[in-house]
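Trainee: Could you take me closely through a single strand of this chain and the residues around its partners? I would like one connected account that I can follow on the screen.

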Amino acid sequence: MYVQMGVYDGSADGHPMRIRLVTEDVNGKNTYWPWHTNTKGSGKSLEFATTATNKSGIFAIGIQVARFDGNKKLNSCSKWGSYY
């Protein structure tokens, strides 16, 4: 599966934004893919393309976006959608 994602940093708080893909296989197991970090600062966005595969199949896809302080996740949100 080809995936294109982006994250926008709309806060001038000095904390980078991170985004990652989350997939759910047909057995209900989630895979959390690596984080991609937007360190460009407030008012800037990061866009990238990647691929995802799962030998058990992919039933649903989601994204998780978070604000970090170093390696500490300050807060996050997720959004799920179906993949057919």
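Mentor: What follows is a walk along one strand, then to its partners and to some of the side chains found there.

The model is a predicted one, and the strand to look at is β2, which covers residues 17–25. Of its 9 residues, 8 are buried, so that the strand is mostly covered, buried being a relative accessible area under 20%.

Three other strands pair with β2, and they can be taken in turn. With β6 the pairing is antiparallel and runs over 9 bridges, and within it L21 has I63 as its bridge partner. With β3 there are 3 bridges, again in the antiparallel sense, and here V22 is matched with Y32. β2 and β3 also make a hairpin in which 4 residues lie between the two strands, and G28, in the turn, has a positive phi of about 85°. With β4 the pairing is antiparallel over 3 bridges, and the partner of M17 in that strand is N38.

N38 deserves a slower look. This residue belongs to β4, residues 36–38, and at a relative accessible area of 1% it counts as buried, because that value is under 20%. Its side chain nevertheless has polar partners on the backbone: the nitrogen of K40 is reached at 3.0 Å, and the oxygen of K44 lies 3.0 Å from a polar side-chain atom of N38. Beyond its neighbours within four places in sequence, N38 is in contact with a set of residues that includes V7, Y8, D9, P16 and M17, as well as K44, S45 and L46.

The strand β6 leads to the aromatic residues. The structure holds 1 aromatic pair, formed by W35 and F68, whose rings meet edge-to-face with 5.3 Å from centre to centre and 75° between the planes. Because W35 lies in the loop between β3 and β4 whereas F68 is in β6 (residues 58–69), the pair ties together parts that are 33 residues apart in sequence. As to their surroundings, F68 is buried at 4% relative accessibility, while W35, at 23%, counts as partly exposed. The ring of F68 has a further neighbour in R18, whose charged end sits over that ring at 3.9 Å from its centre; R18 falls within residues 17–25, the span of β2, which brings the account back to the strand where it began.

How values were computed: Residues are numbered from 1 along each chain as its sequence is written. This is a predicted model: local features need pLDDT of at least 70, side-chain atom pairs count only at pLDDT 80 or more; totals for chains, interfaces and linings use all residues. Side-chain values use heavy atoms; hydrogens and water are left out. Buried means under 20% relative accessible area, exposed over 50%, partly exposed in between (1.4 Å probe, protein chains only). A polar contact is a pair of N or O atoms within 3.5 Å; within protein, one must be able to donate a hydrogen and the other to accept it, and residues adjacent in sequence count only if both atoms are side-chain atoms. Contact means heavy atoms within 4.5 Å. Rings of Phe, Tyr and Trp (its six-membered ring) pair if their centres lie within 6.5 Å; planes under 30 degrees apart count as stacked, over 60 as edge-to-face and the rest as tilted. A charge sits over a ring if NZ of Lys or CZ of Arg is within 6 Å of the ring centre and within 35 degrees of the ring normal. Two strands pair if DSSP finds at least two bridges between them.
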